[in-house]
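This note is addressed to a colleague who is meeting the structure for the first time. Please read the points below alongside the sequence and the model.

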Amino acid sequence: MNAPPQIPADIANMYLIGYLLDWGLFGVLSMQVYVYYLAFLKDPIINLGLVYGIYTFMVVQTVLLSQSSFRTFGDGFGDPDRIGEITEIWFSVPIISAIVALIVQAFYALQIWAMSKKKLIPLMILVLTIVQFVGGIWTGIVGHGAVRFSRFLTSEGFVATGVWNGSGALCDILISACMGYYYVSPRSEYKLKGHPIHAAIRAFLMSGGLLTLIAIINTVLSLLPNGQTYFQTTSAILGNMYANTFMSLLNSRVRFARPSGYVDDEASQTYLTYDQPIRSALVFARSAGGGEGDTGTVAEGEGDGEEYGMHDHDERRSRRRSLRSTRSSGMATLQISEEDRRKRSLSLSPISPDTLVASPITPKEETALRSDV
């Protein structure tokens with residue numbers, strides 16, 4: 001009896017890990033977009049368009065990658081020929097990732113131009129991102145014509161992948177170096193405040209340091225000799241890495257704050273009541289030019305208070321509905337001058353989370369909240 005054909009373990013493993021990581025990062029991106037939706041309803045229209053446009057691309061990519069994974073590990077389970085098929089990957093990975101990278105890198109170029117007031121480095125970034133975009137389209141065309149990975153791993157595919165990943169990684173290195181400098185340099189007006197370790201972590205993420213690391217690894221793996229396909233894992237998550245880095249920059253304006261009179265006691269936590277001080281607040285810093293309503297807090301309250309009995313069920317349910325309504329509409333507004341609002345417009349000025357001060361809720365604001373609840 002003949003033994004069944006063996007599926008190449010290295011190829012199957014790279015496929016599977018890439019699909020799982022892509023879904024995980026897509027979940028993180030969805031949460032970031034949801035936070036952005038709650039916080040910045042009146043962001044400049046260009047930022048809203050970029051956020052929801054990028055998210056749409058990521059939805060399409062995730063759906064196509066899921067379809068490819070089902071063909072390989074579901075419908076084609078046990079068939080070694082299915083492992084080598086490119087399927088829709090020619091479009092979902094290089095082309096969509098190149099489009100998202102073009103948007104994000106161009107956005108960072110504008111940020112660096114606003115920070116430095118110089119044009120040389122932003123122009124270099126724009127040139128590199130256009131090159132990587134062309135390389136991504138070229139890689140997709142070569143993959144579509146090859147049909148199978150064994151035919152894709154030729155000299156033309158090697159050059160196309162090198163142009164796409166190499167120029168993209170070089171562009172990310174340049175962006176990370178510039179943004180990191182402005183976020184940590186003592187001479188920079190955009191230097192992040194707080195504990196040095198915390199500031200360094202924030203600067204690493206907001207400047208695209210993690211993205212740059214993944215891009216470098218992806219470039220190295222894509223240029224390995226002997227037809228190795230380890231790059232499939234890093235290539236699959238590249239688009240989501242760009243999208244998450246972009247959202248982390250925009251959402252860096254979100255603040256956690258504690259209201260005045262906060263007392264961290266250990267009173268009974270069994271019942272949630274509403275006649276008690278607000279314990280904490282998630283504060284969304286105002287985006288410039290947004291007007292009223294684009295900031296607010298989402299507050300959680302727990303601690304001492306009268307316990308409600310069964311006969312107060314209707315009243316308690318009514319208060320819960322009122323609290324949810326208050327949470328969704330926003331509870332406090334941060335005051336920013338017209339000049340600051342003009343300067344900090346996200347479409348024109350750099351995003352620096354420490355330039356927008358999120359103040360704790362004042363006693364007067366807390367009293368107003370209580371009257372609403």
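The points below cover the basis of the model, the chain as a whole and its internal cavities.

1. The model is predicted, so that local features need pLDDT of at least 70 and side-chain atom pairs count only at pLDDT 80 or more, while totals for chains, interfaces and linings use all residues. Residues are numbered from 1 along each chain as its sequence is written, and side-chain values use heavy atoms, with hydrogens and water left out.

2. The protein chain holds 13 helices and three strands, taken as DSSP runs (helices H or I, at least four residues; strands E, at least two) and numbered from the N terminus. Of its 373 residues, 47% are buried, meaning under 20% relative accessible area with a 1.4 Å probe, protein chains only.

3. Four cavities of 30 Å³ or more are found in the whole structure. A cavity here is a set of points on a 1 Å grid over the protein atoms alone where a 1.4 Å probe fits but cannot get out, and lining residues have an atom within 4 Å of a point.

4. The largest cavity encloses about 240 Å³. Its lining comprises 20 residues, with Ile 89, Val 93, Pro 94, Phe 149 and Phe 231 nearest the centre. By class, 14 of the lining residues are nonpolar, six are polar and none is charged.

5. The second largest cavity has about 60 Å³ of space. Helix H7 contributes most to its lining, with five residues; the lining includes Trp 164, Asp 172 and Tyr 242.

Technical notes: Buried means under 20% relative accessible area, exposed over 50%, partly exposed in between (1.4 Å probe, protein chains only). On a 1 Å grid over the protein atoms alone, a cavity is a set of points where a 1.4 Å probe fits but cannot get out, and a pocket is an open set with protein on both sides within 12 Å along at least five of seven lines; lining residues have an atom within 4 Å of a point. Grid points are joined across faces, edges and corners, and a volume is the space filled by probe spheres set on the points. Ala, Val, Leu, Ile, Met, Phe, Trp, Tyr, Cys and Pro count as nonpolar, Asp, Glu, Lys and Arg as charged, and the others, Gly among them, as polar.
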